[in-house]
Amino acid sequence: MESYLKSQGDGLLMRESGPWVIEKLDYLKRYIDIFLTSMHSKPWRAINYTDLFSGPGKCYVPETKTVHLGSPLLALTTRHPFTRYFFVDLGDENINALQKRCSISPIHDRVQCFIGDSNLVVTDIEGSAVDGLGLIAYMRQGSYKEIPVVVVTADPSDETKSKLDQLGV
């Protein structure tokens, strides 16, 4: 269990990926770190992370024989945590592996997992989780043209919403 949140094998299901995933996950990690470093001390009511194609949480690259934390675990293990995490995947085996990995995180109570088609499940996620200011980062296994969405949303306070309304944003 101690390896669940580390870039190493842990006996659970992993997504087989091409070597391109190493660079993409590095960019996502840096993007999340930059976003959260700049936003964590702002007056947001919540900053939530929604991954609509979460997979099992780890990627295995056969060409390099390396294991990498996938997008949901990169988000979960960042220095400044999100308020809530919403992970969606069509495969129950992916969600089962991801839930086991997330279960040892000190903030596991912030994680909610959904099994199903992301187009349908996203409507089940609370409106506040996808309403508000946000960023969208794109990541996914497969060729670089297959790009599902990893959504980072920030739900601003009423005061901030009012200011944004006044600015026409």
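**Notebook: confidence, strand pairing and helix α3**

I began with the weakest stretch of this predicted model: over residues 130–153 the pLDDT stays under 50. For that stretch I recorded 68 contacts beyond four places in sequence. For the protein chain I noted a mean pLDDT of 80, with 74% of its residues at 70 or more.

**Entry: the open sheet**

I next looked up the strand order and found an open sheet of three strands, β1-β3-β4, with mixed pairing. The edge strands are β1 (15–16) and β4 (66–69), each of which pairs on one side only.

I then took the two pairings in turn. β1 and β3 run parallel and are joined by two bridges; in this region I noted E16 opposite Y60 of β3. β3 and β4 run antiparallel, with four bridges between them. I looked up the partner of K58 and found L69 in β4.

I also inspected the connection between β3 and β4. These strands form a hairpin with four residues between them. In the turn I flagged K65, whose phi is positive at about 55°.

**Entry: β5 and its partners**

I turned to β5 (84–89). Of its six residues, five are buried, and I have entered the strand as mostly covered.

I listed its pairings with β2 and β6. Strand β2, residues 44–51, pairs with β5 in the parallel sense over four bridges. β6 (111–115) also runs parallel to β5, and the two are joined by five bridges.

F86 of β5 served as my reference residue. F86 is the bridge partner of T50, and F86 also has Q112 in β6 as a bridge partner. I then followed the chain from β5 through α3 to β6 and recorded this β-α-β crossover as right-handed.

**Entry: helix α3**

Which residues of α3 are buried? In this helix, residues 92–102, I found N94, I95, A97, L98, R101 and C102. They lie on the same side of α3, because the arc they cover around the axis is only 165°. I noted the general background: an α-helix has 3.6 residues a turn, so residues three or four places apart point the same way.

I then asked what covers these buried residues. The cover includes β3 (58–61), α2 (71–76), β5 and β6.

**Entry: the cysteines**

How many disulfides does the structure hold? I found zero.

I examined C102 for the reason. The closest cysteine sulfur to that of C102 belongs to C113, and at 5.5 Å it is too far for a bond. The cut-off I applied is a sulfur pair within 2.5 Å. Looked up from the other side, C113 is in no disulfide, and its nearest cysteine sulfur is that of C102, 5.5 Å away.

Is C102 buried or exposed? I entered C102 as buried, because its relative accessibility is 3%; the limit for that label is under 20%.

Technical notes:
Residues numbered from 1 in each chain as written. Predicted model: local features only at pLDDT ≥ 70, side-chain atom pairs only at ≥ 80, totals over all residues. Heavy atoms only, no water. pLDDT = per-residue confidence, 0-100. Contact = heavy atoms within 4.5 Å. Buried < 20%, exposed > 50% of the residue type's maximum accessible area, 1.4 Å probe, protein only. Arc of directions from axis to C-beta. Pairing = 2+ DSSP bridges. Right-handed = clockwise from strand over helix to strand, strands pointing away.
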